[in-house]
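Subject: Structure for your files

Hello,

Here is the structure I said I would pass on. My notes on it follow below.

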Amino acid sequence: MDSASGGSDNSIKEAITATASASALLSAASQQGGGGGSESSPSPAPPSRYESQKRRDWNTFLQYLTNHKPPLTLARCSGAHVIEFLKYLDQFGKTKVHITDCPYFGHVNPPAPCACPLKQAWGSLDALIGRLRAAYEENGGRPESNPFGGRAVRIYLREVREGQAKARGIPYEKKKRKRPTVTTTAVGVNVSRTSTQPVDGGGGRGGIGGGDDSVGAKTGANVGSATAVAAATTNSV
C-alpha cells in the first residue's frame, strides 16, 4: 500500500510539473505574439493642425445649434443661421473695428485707444467658413445644400471685408494671378515652287484668279536667269 501511494504521489507531482511547464510555454508564446503584433501595427499619425482646428470648429457650431433658442438641427440650418453664428463669435474677437463717428476711423495706427468694439477679423471668419464648409460635407452633408457655401454667407463676408477695410484703413486686395508667359519662336520656312506647265502670258488658263499667273511668271523668270548664268559659266570655262 505504501509503495502504491508513493507511486500515485509521484505521478501527481509529475502531472503538476508538466502542467506548470505547459502554462509557462503558453504564456511566453502569447507575450511574443503580442509583441510582434504591436510592432507590425504602428500607432496612427496624429491629425494635422488644420484637421484638429476643423474638428473643434465643427463641434463649436454643433454646440451653438444645440444652445440656440429654439434649438436647431443641422438639417434645418440655413445661411441665415450661419450669419447669426458669425455675429455671435464677434464677442470673442480681438480686432479693433472703428465706428464711423470715431476720430480714428480709417487710421491704420491710431495714436490713442478708443471705445470701439472688438470683432472677429475678416480673414479669420473667411478661414472658419472654409473649414466648416469642408466639415459639413465630410459629415454626410450634400454639397448642393451646404449652408456655409450659400450666397447670403458670401455676401456677408464681402460686406465685412469692405467695412473693416474702411474702418481700419487696411484694404484687402485680391492677389492677381500671374499669367504664364508663352514664348513663341518664329521659324522661317523656304518654300520653292516650280511650274511644270509652260508659262502662258496670255491670261493664265486654268489658274485661280491672277495670283497663279504672277507665280508662273516669276518662276519662268527665275528659270531663265538660271539658264543664262549656267551658259555664261560654260563659256568662261
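**Salt bridges**

Four salt bridges are counted in this predicted model, a salt bridge being a side-chain nitrogen of Lys or Arg within 4 Å of a carboxyl oxygen of Asp or Glu. Because the model is predicted, local features need pLDDT of at least 70 and side-chain atom pairs count only at pLDDT 80 or more, while totals for chains, interfaces and linings use all residues. Residues are numbered from 1 along each chain as its sequence is written, and side-chain values use heavy atoms, with hydrogens and water left out.

K54 takes part in two of the bridges described here. With E51, the closest N and O atoms are 3.1 Å apart. Both residues sit in helix α2, three residues apart, and are separated by about one helical turn. Helices are DSSP runs of H or I with at least four residues, strands are runs of E with at least two, and both are numbered from the N terminus. An α-helix has 3.6 residues a turn, so residues three or four places apart point the same way.

K54 is buried at 4% relative accessibility, whereas E51 is partly exposed at 31%. The cut-offs are under 20% relative accessible area for buried and over 50% for exposed, with partly exposed in between (1.4 Å probe, protein chains only).

With E138, the closest N and O atoms of K54 are 2.7 Å apart. This pair links distant parts of the chain, since K54 is in helix α2 and E138 in helix α4, 84 residues apart. E138 counts as exposed, at 53%.

R142 and E144 also form a salt bridge, at 3.9 Å from N to O. R142 is exposed at 52%, and E144 is exposed at 63%. As for shared partners, E51, K54 and E138 are joined into one network by their salt bridges.

**Q164**

Q164 belongs to helix α5 and is buried, with a relative accessible area of 4%. Its side chain makes polar contacts with two backbone atoms: the oxygen of Q120 at 2.9 Å and the nitrogen of W122 at 3.0 Å. A polar contact here is a pair of N or O atoms within 3.5 Å; within protein, one must be able to donate a hydrogen and the other to accept it, and residues adjacent in sequence count only if both atoms are side-chain atoms.

**Second largest pocket**

W122 appears again among the residues nearest the centre of the second largest pocket, together with D126, R154, L157 and R158. The lining has 13 residues in total, and α4 and α5 each supply at least two of them. By type, the lining divides into five nonpolar, two polar and six charged residues.

**Helix α3 and the chain overall**

Helix α3 covers residues 79–88, and its buried residues are G79, H81, V82, I83, F85 and L86. These pack against α2 (49–67), α4 (122–138) and α5 (151–168), where contact means heavy atoms within 4.5 Å.

The protein chain has six helices and two strands, in the order α-α-α-β-β-α-α-α. Of its 237 residues, 21% are buried. Among contacts between residues at least 6 apart in sequence, 58% join residues at least 24 apart.

Regards

Methods:
1 Å grid on protein atoms, 1.4 Å probe; cavity = no way out; pocket = protein on both sides within 12 Å on 5 of 7 lines; lining within 4 Å. Nonpolar A, V, L, I, M, F, W, Y, C, P; charged D, E, K, R; others polar.
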